[in-house]
Amino acid sequence: MEQKLKEEEKKVGVIETWLRKHTLLFKGATRHPFILSIRDGSIDITSFKSWLKFAVYSCCILVIQAQDYLFVRAFVPFVASVLIKAWKESDESGDMEVILGGVASLEDEISWFKREASKWGISLSEVVPQQTNKKYCGLLESLMSPDVEYTVAITAFWVIEVVYQESFAHCIGEGSKTPQELKETCERWGSEAFAKYCQSLQNIVNRRLQKASDEELKKAEHTFLNVLEYEVDFWNMSRGNV
Ligand SMILES: Cc1ncc(CO)c(N)n1
């Protein structure tokens with residue numbers, strides 16, 4: 001049985017196997033009620049005239065965006081640590097370009113967060129990190145340790161990106177009623193280009209996992225699950241859960 005599973009994993013790829021095994025948690029992170037409310041337009045303010053609804057609406061998306069700005073600032077050094085690991089440990093020189101592309105797009109992301117904030121009249125320097133966010137940034141920091149293998153770190157990197165990609169692609173996919181004001185946000189992570197970049201990361205991860213020891217595989221799967229749980233918690237901040 002054990003042997004059969006191993007053979008199966010080799011054929012379909014480890015990631016595919018994980019996604020089948022942990023479908024519920026993956027759906028929890030990529031089809032969160034917050035995302036569904038963007039997609040079905042129920043988050044929309046324009047159909048509700050009362051200013052209170054406006055406040056609630058702006059609050060939940062703004063909480064996520066402001067917290068995400070802080071998250072992305074912590075994400076940059078994490079990605080830099082993955083870059084160092086790729087340089088030291090990778091068996092393929094092409095990995096570095098993919099990761100470097102990620103760093104470049106984070107620069108653009110940070111500028112975009114700043115533009116968005118000024119549009120909404122928020123001062124990002126005054127945003128206080130919520131407990132959930134602090135915990136997630138703590139996870140990133142622990143993954144920056146030189147003791148964490150490249151395979152485990154790149155797995156975390158891929159899943160962090162793919163949750164956003166899958167979530168926001170769902171908001172602009174067939175039949176979505178996403179409000180105009182949120183389209184740009186959704187396009188940022190839901191675009192074809194971002195999907196391609198996530199696919200490049202996924203190819204690296206699959207290649208690494210195929211060669212990984214059982215011990216490393218176990219660690220990588222644990223990290224994969226950990227990230228998914230933190231992503232669910234992150235979305236939960238939109239409901240005022242800190
Ligand atoms: C919380 C979170 N997860 C993933 C991404 C993708 O970059 C992001 N910006 N924020």
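The exercises below concern helix α8, the core, the ligand shell and two single residues of a predicted model.

Residues are numbered from 1 along each chain as its sequence is written. Local features need pLDDT of at least 70, side-chain atom pairs count only at pLDDT 80 or more, and totals for chains, interfaces and linings use all residues.

**Exercise 1.** Determine how α8 spans the model and whether α8 is enclosed or open.

Solution. Helices are DSSP runs of H or I with at least four residues, numbered from the N terminus. Step one: α8 has 23 residues and reaches 33 Å from its first C-alpha to its last. This is close to the expected 33 Å, where the expected span is 1.5 Å times one less than the number of residues. Step two: a residue is buried if 20 or more other C-beta atoms, placed from the backbone, lie within 10 Å of its own, exposed if 12 or fewer, and partly exposed in between. Of the 23 residues of α8, 21 are buried, so α8 is largely enclosed by the rest of the structure.

**Exercise 2.** Identify the helix that gives the largest share of the largest nonpolar core.

Solution. A nonpolar core is a set of buried Ala, Val, Leu, Ile, Met, Phe, Trp, Tyr and Cys residues joined through C-beta atoms within 7 Å. The largest one has 50 residues, and V82, A153 and W158 are among those with the most contacts inside it. Its largest share, 15 residues, comes from α8. Contact means C-beta atoms, placed from the backbone, within 7 Å. Not counting residues up to four places away in sequence, V82 touches I99, A153, I154 and F157.

**Exercise 3.** Describe the shell around the ligand by helix and by class.

Solution. A shell residue has its C-beta atom, placed from the backbone, within 6 Å of the ligand. The residues are D68, F71, V72, I160, E161, V163, Y164, E231 and F234. α5 (51-89), α8 and α11 (214-236) each supply at least two, and the largest share, 4 residues, comes from α8. By class there are 6 nonpolar, no polar and 3 charged residues. Here Ala, Val, Leu, Ile, Met, Phe, Trp, Tyr, Cys and Pro count as nonpolar, Asp, Glu, Lys and Arg as charged, and the others, Gly among them, as polar.

**Exercise 4.** Place A74 and P179.

Solution. A74 lies in α5 and counts as partly exposed because it has 18 C-beta neighbours inside 10 Å. Leaving aside neighbours within four places in sequence, A74 contacts C137 and L140. P179 is in the loop between α8 (150-172) and α9 (180-190). With 18 C-beta neighbours inside 10 Å, P179 is partly exposed.

Methods: Two residues are in contact if their C-beta atoms, placed from the backbone, lie within 7 Å.
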